[in-house]
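Hello,

Here is the structure I promised to pass on to you. Please open it alongside this message, and then read on for what turned up in it.

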Amino acid sequence: MTSATLLTPASTSSRPGGDRPGPATRAAERAYIRLLVVLDTSVLAVAILIGYVARFGDEQPSGSEIPYVVVAPALLLVWLVSLKAMRCYDDQVLGYGADEYRRVNAASLRLAGGIAIAGYIADVGVSRGFLAISFAVGTVGLEVARFAARKRLHRARDRGAGWSRKVLVVGDTAHVLELVHTLRREPYAGYQVVGACIPDALLAPVPQRLGDVPVVGSFRGIPEAATAIGADTVAVTASGELTATRLRRLGWQLEGTGVELVVAPALTDVAGPRIHTRPVAGLPLIHVEAPEFRGARKLVKGLVDRSISLIALLLLAPLVAVIALAIKLDSRGPVLFRQTRVGQGGKEFGVFKFRTMVVNADALLAELAARNETDGLMFKMRDDPRVTRVGRLLRKWSLDELPQLANVLLGQMSLVGPRPPLPSEVARYDGDVARRLLVKPGMTGLWQVSGRSDLSWEDGIRLDLYYVENWSLAADLTILWKTFGAVVNSRGAY
């Protein structure tokens, strides 16, 4: 039977499709997988060559019972088999989420451990330096190549091309609209909603649309509706009429059709590591772990934050001096701007920034309030007349925020976290938004790598709350990596 899986909140994008779930979709999927195989093979071949050259150079290897002309191709082949065995080419993990990277790392590390144990037991004289260098370079290279391939796929999906899934959403009207909105928040994830099926009682005698999604049938003819619109995925969301028995029968009906069945729970914005599915009496119960706001991982995060901030301050000292001189020569006033912000637990602190505005900027704010370009509690204006010439350059490249490394070193902020709010903003927080104050604010965060000032207030808060609930050290490293791209592209910086 087609297995029912959990659909993580993702998003939609356009993709070519056929009259039935298959031809164009399968071809695009196979083409992407072939691209990954070619990339992986090329990366591993280069990594093994680098390992050989770095270990032996121009010398002739000695002491090995097996010639390296045999060892190198064998290692390449076994490595590819290991990737395949760890399902690194499974379409359910490709193109979105961290599971693909975890599997690639696991395949490489397990193979390295297996070869080390086998070499020790069999006493084969293959150079450990050669293997260590090859595996180190190869593992990093695989991650980089997969990242590049994924970005290429995301750009194609944003243009309405590339390999994506065509989704038929099944549920009552309110839940269908909510799932469609959730899927369309991130158009690069590869879910294109092509139709909806709603309960019989809600059907009208004339063609219906839910927003821009056509209603193509009721719960009585879901497989037929999926076939008619060329859907390759049926996403089931909440509805009182979709009982466990009907859902099980739907899985039977989709068996052998090539259409995947996924179940979208009402629970959203919860990261995968916090979700565990456990079958109880034939019922898959979803267990959700509570967010972690203290403990050993928090201590490690604080130690990493302070260590990196100290190293960064020392390395960036010459750049800081140049910026300070430029600010002083450009306009009168202090180099640094200290503003009261609210940190963890509602405790106020002074955040440091390079001054990018004229000295009486706060006094001029009232005159510009009517020109606010955001829909929330913050004031943002694309062409703010209070910003100085040097200030515009600093804001464009986010260099005005470098002094916040001192706040991180003092333990008032983190490298990654929610945006530090003003006291006036916090005074108007409701109960949900106030959860942002459960963790330290950050120099960067999901809000910055997702568009910064270009985001709506609602989306910015959603991303901050998602981070608060689902933070991890691995996610922090990913956000820091993405921050460089956001800064270079100047997305939402003004």
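Below I go through one helix, its surroundings, the salt bridges and a few single residues.

Before anything else, please keep in mind that this is a predicted model.

**Helix 8**

A good place to begin is helix 8, which runs over residues 296-315. With 20 residues at 1.5 Å a residue, helix 8 should span 28 Å, and its end C-alpha atoms lie 29 Å apart, so the expected and the computed span agree.

Which residues of helix 8 are buried? They are K298, K301, D305, S309 and A312. These residues cover an arc of only 70° around the axis, and therefore they sit on the same side of helix 8. If you turn to the face pointing away from that buried side, you will find the exposed residues A296, L299, L303, I311, L314 and L315.

K301 is worth a click of its own. This lysine lies in helix 8 and has a relative accessible area of 7%, which is under the 20% limit, so K301 counts as buried. What does K301 touch, leaving aside residues up to four places away in sequence? Its contacts are S414, V416, Y467, W471, L473 and D476.

**A nonpolar patch on the surface**

L473 comes up again here. Together with V300, V304 and I308, L473 makes a nonpolar surface patch of about 270 Å². Helix 8 gives the most to this patch, with 3 residues. V304, one of the patch residues, is found in helix 8. Its relative accessible area is 36%, which falls between the 20% and 50% limits, so V304 is classed as partly exposed.

**Salt bridges**

How many salt bridges does the structure hold? There are 14, and I picked out three for you to look at.

The first to visit joins D40 and R146, with the closest N and O atoms 2.7 Å apart. This pair links distant parts of the chain: D40 belongs to helix 1 (residues 23-56) and R146 to helix 4 (residues 128-158), 106 residues apart. Are the two partners buried or exposed? D40 is buried, at a relative accessible area of 1%, and R146 is buried as well, at 1%. D40 and R146 also take part in a network of salt bridges that includes E100 and R150.

Next, have a look at R389 and D330, whose side chains meet in a salt bridge at 3.0 Å, N to O. R389 lies in helix 11 (residues 389-396) and D330 in helix 9 (residues 317-330), so this pair ties together parts that are 59 residues apart in sequence. Here the partners have unlike surroundings: R389 is exposed, at 65% relative accessibility, whereas D330 is buried, at 18%.

The last of my picks is the salt bridge between the side chains of E469 and R435, at 2.7 Å from N to O. E469 is in helix 15 (residues 457-470), while R435 is in the loop between helix 13 (423-426) and strand 13 (442-444); the two are 34 residues apart, and the pair links distant parts of the chain. R435 is partly exposed, with a relative accessible area of 30%.

**A few single residues**

Helix 13 also holds S424, which is partly exposed at 44% relative accessibility. Where does S424 stand with respect to R341? The two are 83 residues apart in sequence, and their C-alpha atoms are 9.3 Å apart in space.

Two residues caught my eye for their backbone angles. R87 has a phi near 60°, a positive value in a residue other than glycine. You will find R87 in the loop between helix 2 (68-85) and helix 3 (99-122), and it is partly exposed, with a relative accessible area of 46%. S398 is not a glycine either, yet its phi is positive, at about 60°. S398 sits in the loop between helix 11 and helix 12 (404-409). Is S398 buried or exposed? At 9% relative accessibility, S398 counts as buried.

Happy browsing, and do write back with any questions.

Best wishes

Definitions and conventions:
Residues numbered from 1 in each chain as written. Predicted model: local features only at pLDDT ≥ 70, side-chain atom pairs only at ≥ 80, totals over all residues. Heavy atoms only, no water. Patch = residues over 30% accessible without salt bridge, like charges linked within 9 Å, V, L, I, M, F, W, Y side chains within 5 Å. Areas by Shrake-Rupley, 256 points an atom, 1.4 Å probe, with all protein chains shown as cover. Salt bridge = Lys/Arg side-chain N within 4 Å of Asp/Glu carboxyl O. Helix = DSSP H or I, 4+ residues; strand = E, 2+ residues; numbered from the N terminus. Buried < 20%, exposed > 50% of the residue type's maximum accessible area, 1.4 Å probe, protein only. Expected span 1.5 Å × (residues − 1). Arc of directions from axis to C-beta. Contact = heavy atoms within 4.5 Å.
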